[in-house]
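Hi everyone, thanks for making the time this morning. I'd like to walk you through one model, so please have the viewer open and follow along.

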Amino acid sequence: MTNKSLKFNSKTIHGGQQLEKGYGAVMPPIYQTSTFAQITPGEHKGYAYGRSGNPTRTALENSLASIENGKFGMAFGSGIAAIDAIMKLLSPGDEVISNNDLYGGSYRLFTQIYEKYGLVFRFVDMNNAKTVEEHITNKTKLIWLETPTNPMLNIIDIKAITKLAANRNLLVAVDNTFASPYLQRPLDLGADIVMHSATKYLGGHSDTVVGGIVVKDEELANKLYFIQNASGAICGPMDSFLVLRGIKTLHVRMQRHCENGRVIAEYLNQHPKVDKVYWPGFEDHPNYAIAKKQMKDFGAMLSFVPKASNYNDALNCIKKLSLFTLAESLGGVESLVGHPASMSHGGMPREERLKIGIVDSLIRISVGIEDAQDLIKDLEYALQ
């Protein structure tokens, strides 16, 4: 049986992997080395220098490509480093269309770094693909989207967006961090590039920072490999090992994440002290039908607004939580809580945040794999 014929749950363990040749190690060894001996100048056994390649990193990159149904994977020092590499495919004057409710770090990179170098970004509501089409010009080169979005949990129709780009020579890149390949695989829906903050669900244990890119097209892959090597924002062998280990349990973790996410979302949605819950699994979610079609399940990320609350009320609610840890990041086995307005989206101007619904009282939670009833008790106490 070839790796290509494996089903997803098997790919997380075996996809793109080979037994270590020296001693038959089941897990790829951590090649903690900066350089490799050469036979003669320019002749080596596949690796010359740690920035250009490392066997442990290769094992991770092959795994990333496998679980996303791609052909070429690249691992970076962080998710932002991966996005940075994608932006380097563009030239001054090129235009990028992005969803208007995206991760604050992406927004900061786009507006405070790349706008200075001549890239033009148009942030639009992507809930309807027609809105995206209205903003395409002859200078548009890339459509960047994340779905579900952070932190408003909007759903973007990936297939509809890729159809718009198909005849216009546009690249479509999807940040798949919130969903993970367990829930959706954008390349199968027509996207050119899929990006991950592998720090999150892929690593799964809040113990490393890594980014990943997967593509199908060889020419595009070679451009990104060149950028990866030339810019040098790669991840080390230990980080590669940790994410590779995390991927092996992705399918079982995601199943529990989704089960708990549903329980918590429904609990909060019925709570008398909660005004609004944002989660794509509700049938009244604007793009519920799209989420149901392009995702296997609805995930464990959700945001909510307590009733009649302000910034201080939200903060007091967060402080009362004990199982939900106040921290940046998401996707670990432990439940986390965050305040987008001051944390993940603190660098976004307040007027821009309010336009997309990130009010000062919005609370975002990443539901872990603890017992759901313990999580409910924690939330019940905080909401009293």
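I'll take the sheets, then a helix pair, then one loop, and finish with the empty spaces.

One thing before we start: what you are looking at is a predicted model.

Let's begin with the sheet that has seven strands. It is open, and its order reads S1-S7-S6-S5-S4-S2-S3, with mixed pairing. If you want to find its edges, look for S1, residues 72–76, and S3, residues 120–124, since each of these pairs on one side only. From one strand to its neighbour, the average turn in this sheet is 20°, ignoring direction.

Let's go inside that sheet for a moment. How do S4 and S5 run relative to each other, parallel or antiparallel? They are parallel: S4, residues 140–146, and S5, residues 171–175, are joined by five bridges. If you'd like a pair to click on, Leu142 sits opposite Leu171 in S5.

Now for the helices that lie on this sheet. H2 lies across S1 and S7, the latter being residues 211–215, and runs at about 125° to S1. Then there is H4, residues 104–114, which lies across S2 (95–99), S3 and S4. The angle of H4 to S3 is about 150°.

Let's stay with H2, because it also has a helix partner, H9. H2 covers residues 55–67 and H9 covers residues 237–247; their axes come within 8 Å and cross at roughly 35°. For those who like handedness, the crossing is left-handed. Which residues make this contact? From H2 you have Thr56, Arg57, Ala59, Leu60, Ser63, Leu64 and Ile67. They meet Pro237, Ser240, Phe241, Val243, Leu244 and Ile247 of H9. Sorted by class, the contact holds nine nonpolar residues, three polar ones and one charged one.

On to the sheet with five strands. This one is open too, in the order S8-S9-S12-S11-S10, and its pairing is mixed. Its edge strands are S8, residues 274–278, and S10, residues 325–326, each with pairing on one side only. S8 pairs with S9, residues 301–306, in the antiparallel sense, over four bridges. Within that pairing, Val274 has Pro306 of S9 as its bridge partner. Helix H12, residues 311–320, packs on this sheet and touches S10, S11 (336–338) and S12 (363–366). The direction of H12 makes about 25° with that of S12.

Next, please zoom in on the loop between S4 and H6, where H6 is residues 158–166. Where are the cis peptide bonds here? One joins Thr147 and Pro148, with omega about -5°. Another joins Asn150 and Pro151, with omega about 10°. Pro148 lies in this loop, and Pro151 is found there as well. Leu153 also has its place between S4 and H6. Its phi is near 55°, a positive value in a residue other than glycine. If you plan to run anything on this model, that is the stretch I'd bring up on screen.

Last topic: the empty spaces. Rolling a probe the size of a water molecule over the atoms reveals where space is left empty. How many cavities of 30 Å³ or more does a search of the whole structure find? The search finds two.

The largest cavity has a volume of about 50 Å³. Its lining consists of Ala327, Glu328, Ser329, Gly338, His339, Pro340, Met343, Ser344 and Arg364. By class, that lining divides into three nonpolar, four polar and two charged residues.

The second largest cavity holds about 40 Å³. Here we meet our loop again, as Pro148 and Leu153 are among the lining residues, along with others including Phe178, Leu183 and Met295. This lining has nine nonpolar residues, one polar residue and no charged ones.

Finally, the largest pocket contains about 610 Å³ of space. It is lined by 20 residues, and those nearest its centre are Gln18, Lys21, Tyr31, Tyr47 and Pro55. The lining splits into nine nonpolar, eight polar and three charged residues.

That's my tour. Thanks for listening, and I'm happy to go back to any of these views.

Technical notes. Residues are numbered from 1 along each chain as its sequence is written. This is a predicted model: local features need pLDDT of at least 70, side-chain atom pairs count only at pLDDT 80 or more; totals for chains, interfaces and linings use all residues. Side-chain values use heavy atoms; hydrogens and water are left out. Axes are lines fitted to C-alpha atoms, for helices over the stretch in contact, and angles run from 0 to 180 degrees between N-to-C directions. Helices (H or I, at least four residues) and strands (E, at least two) are DSSP runs, numbered from the N terminus. A crossing is left-handed if the near helix is turned anticlockwise from the far one by less than a right angle, and right-handed if clockwise. Contact means heavy atoms within 4.5 Å. Ala, Val, Leu, Ile, Met, Phe, Trp, Tyr, Cys and Pro count as nonpolar, Asp, Glu, Lys and Arg as charged, and the others, Gly among them, as polar. Two strands pair if DSSP finds at least two bridges between them. On a 1 Å grid over the protein atoms alone, a cavity is a set of points where a 1.4 Å probe fits but cannot get out, and a pocket is an open set with protein on both sides within 12 Å along at least five of seven lines; lining residues have an atom within 4 Å of a point. Grid points are joined across faces, edges and corners, and a volume is the space filled by probe spheres set on the points.
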